[in-house]
Every structure is written in C-alpha cells, then in structure tokens.
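Here's a quick briefing to read alongside the model. Have the structure open and follow along topic by topic.

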Amino acid sequence: MEKDRKNKPNFSSACCLACSASRKAPCCSGWFSCSVSPWLKLKLWIHVSPELFPNPELTEFTNSETMDVILKCTIKVDPKNPTLQLFYTFYKNNHVIQDRSPHSVFSAEAKEENSGLYQCMVDTEDGLIQKKSGYLDIQFWTPVSHPVLTLQHEATNLAVGDKVEFLCEAHQGSLPIFYSFYINGEILGKPLAPSGRAASLLASVKAEWSTKNYSCEAKNNISREISELKKFPLVVSGTAWIKSNMLPIWLPASLLGGMVIAAVVLMYFFKPCKKHARPETPTLKEPDSFLYVSVDNQRYK
C-alpha cells in the first residue's frame, strides 16, 4: 500500500494543468491526457479559444483645461469572459513610463520633452497572455516667444557700404525656428533656420535704410512672433562722411594758415623804421619782389 501511494501521481495537479490551459494559455483545442496511475489514464477533449482578446488600441484625447494628453488603452474582451482581470503597461520610446496596473489610462503633461512614440501592453493576471498595441507618435510643440532684435556695428557714423549685423533671438519655442529680417517692410535675404535659438544676418548699409524701421520675425510649426520696430541709424553719403570727418582736421589747419599769412602781411606793412631815416626806395632786382612792390605802390598812391 505504501509503495502504491508513493507511485500514485497527483491527479488534481495533472488535470488542473489541462484545465488551466483551457482558460488562459494560448493553446489550440485538442486531446489532453492525465495519468492517474500506471494502470489508469484519462483522456480529455479540451476546447481552447484561439485568443481571449485581440491586440489593444491606443488612442489619445486632450484635456481642455490643462491641455495634457490622455492616453487610453482600449481592448475588446470576449463576452464569455466578463470577469477576466487585465493589467496595463504604458511605454514611451520602448521604456516603461507606467508599470503594470489595472488602470487603462495614462496622462502625459503637455511638455516638449514628453514627445515620442507611445505604446501600451495588456496582459492577464498570471502574465501568460500579453498583447501590445501599435505605436502612437505624439509631438508636443511650444509656441515661439517674442523675439529680441539687436543691431551691431563698429562705425560711429554709419555710411553707405559699412557692415552691420542684425541679431534676432527667441528664448522659447520648439525647434526648428525660422528667422526673417525686415527693413522698411521689405525682407532682407532669405529666412534662416539655425540649429540654436538665435540667427544673425550680416549686410552692407544702403542709403535708403537711413532712419527706416527694421524688425525680425521668429516662427515655428505652430506660431509666429514679430519683434518691436526699431529705427535704423542715420546713414551719411560718402562725400558728406568725408566732410564731416575731415572738418575737425581742416578747421585748425585753415585757421593756422590764415594766421601765418596775416603775420607775413603785417610784417611787410608795419616794418619798423629808423629814426630820421628816409624810406628806402625799393629796387626791382628779384622776381620775388613783385608782390612787395605792388603792395607798396598801392600804399603810396
């Protein structure tokens, strides 16, 4: 009796395995056998459904108050198994963001860093059946901020042909950001799309830019902003620039030259004479004395 008891298999364990397969395991229908003893075997026909549930579907909708995105993992359960307990896992870029739980929704805050590929997985309580949804590409876009425009140049007084640099920067906004520069309502060059948040344009000054309004525009896929209007500096022409810059040099030189000429004339007119001496009669010996004679003759007329 003791020997027979030791060799006797566990009937309930063997048959429960078959029964478990009929409820949860993804097996095909067929015959399952249970060995009760060396002299007794049971053969059972068990029908197993091809699948308890299909692949889930991941959908999204937006919270109108917070603008957050709500992800919902939806699955159609077989009506024959209404009490089937399911668990949900959410992924972003193939990394778990919400671990296995009975909750079928996930909330993604509306931030640019939350952009990515989302997916959900549904499994049974024992984890024997696992089904994943397709990927859902979600992109969060941030509007561009008000751009800041600056003008950089080396010359104190701008002249035609001088080089100036327009710099436009938007501190916030989803990349890429496209920048455009305008002066007097006309675009300068082509729109720029740098890898960062600032763009610069190097240009040669034109005469028609003088005291005109200039601005820049920043835009991305969802919004566009224009900087404040600014006045371009006064632009002087080449002749005016030379006159204005040479005046401080020529004015002292002209005054000095005038003073020298006046001193020479005074020396000739007011030459000191000896007491009781007669004025000397000038002689025409050198060509250089013609000017002196002419002036002296005018004096004695």
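**The overall picture**

The protein has four helices and 18 strands. Keep in mind that this is a predicted model. Of its 301 residues, 29% count as buried. Looking at contacts between residues at least 6 apart in sequence, 53% join residues at least 24 apart. As for the surface, the protein exposes about 21,200 Å², with carbon and sulfur atoms supplying 58% of that.

**Nonpolar cores**

- Start with the largest nonpolar core, which has 23 residues. Val164, Phe166, Phe181, Trp209 and Phe232 are the ones with the most contacts inside it.
- Which elements give two or more residues to this core? They are strand E11 (148–153), strand E12 (163–169), strand E13 (178–183), strand E15 (198–204) and strand E16 (213–219).
- Apart from this core lies another one, of 19 residues. Leu52, Tyr118, Ile129 and Ile138 are among its members.
- Phe166 is worth a stop of its own. Setting aside neighbours within four places in sequence, Phe166 is in contact with Phe181, Trp209 and Phe232, and also with Tyr214, Leu151, Leu188 and Leu201. The rest of its contact list is Thr150, Ala199, Ser200 and Ala203.

**The E11-E12-E15 sheet**

- Here you have an open sheet of three strands, in the order E11-E12-E15, with antiparallel pairing.
- E11 and E15 stand at the edges with a single partner strand each, so one side of each has no neighbour in the sheet.
- From one strand to the next, the twist averages 20°.
- How many bridges join E11 to E12? Six do, and the two strands run antiparallel.
- If you want a landmark for that pairing, Val148 has Glu169 in E12 as its bridge partner.

**The E3-E4-E7 sheet**

- This is another open sheet of three strands with antiparallel pairing, and the order is E3-E4-E7.
- Its edge strands are strand E3 (57–62) and strand E7 (105–108), each pairing on one side only.
- The twist in this sheet averages 25° from one strand to the next.
- E3 pairs with strand E4 (residues 69–74) in the antiparallel sense, over six bridges. To find your way along them, look for Leu58, whose bridge partner in E4 is Cys73, and for Thr62, which stands opposite Val69 in E4.
- E3 and E4 also make a hairpin, with six residues between them. In the turn, Met67 has a positive phi of about 65°.
- On to the other pairing: four bridges join E4 to E7, and these strands run antiparallel. Lys72 stands opposite Val105 in E7.

**Glu217, a residue to click on**

- Glu217 is found in strand E16, one of the strands that give two or more residues to the largest nonpolar core.
- Buried or exposed? Glu217 counts as buried because its relative accessibility is 6%, and the cut-off for buried is under 20%.
- What does its side chain meet? The side chain of Glu217 makes a polar contact with the side chain of Arg224, at 2.5 Å.
- Leaving out neighbours within four places in sequence, Glu217 is in contact with Phe178, Tyr179, Ser180 and Tyr182, and also with Arg224, Glu225 and Ile226.

Definitions and conventions. Residues are numbered from 1 along each chain as its sequence is written. This is a predicted model: local features need pLDDT of at least 70, side-chain atom pairs count only at pLDDT 80 or more; totals for chains, interfaces and linings use all residues. Side-chain values use heavy atoms; hydrogens and water are left out. A nonpolar core is a set of buried Ala, Val, Leu, Ile, Met, Phe, Trp, Tyr and Cys residues joined through side-chain atoms within 4.5 Å. Buried means under 20% relative accessible area, exposed over 50%, partly exposed in between (1.4 Å probe, protein chains only). Contact means heavy atoms within 4.5 Å. Two strands pair if DSSP finds at least two bridges between them. Axes are lines fitted to C-alpha atoms, for helices over the stretch in contact, and angles run from 0 to 180 degrees between N-to-C directions. Accessible areas come from the Shrake-Rupley method with a 1.4 Å probe; for residues, only the protein chains shown count as cover. A polar contact is a pair of N or O atoms within 3.5 Å; within protein, one must be able to donate a hydrogen and the other to accept it, and residues adjacent in sequence count only if both atoms are side-chain atoms.
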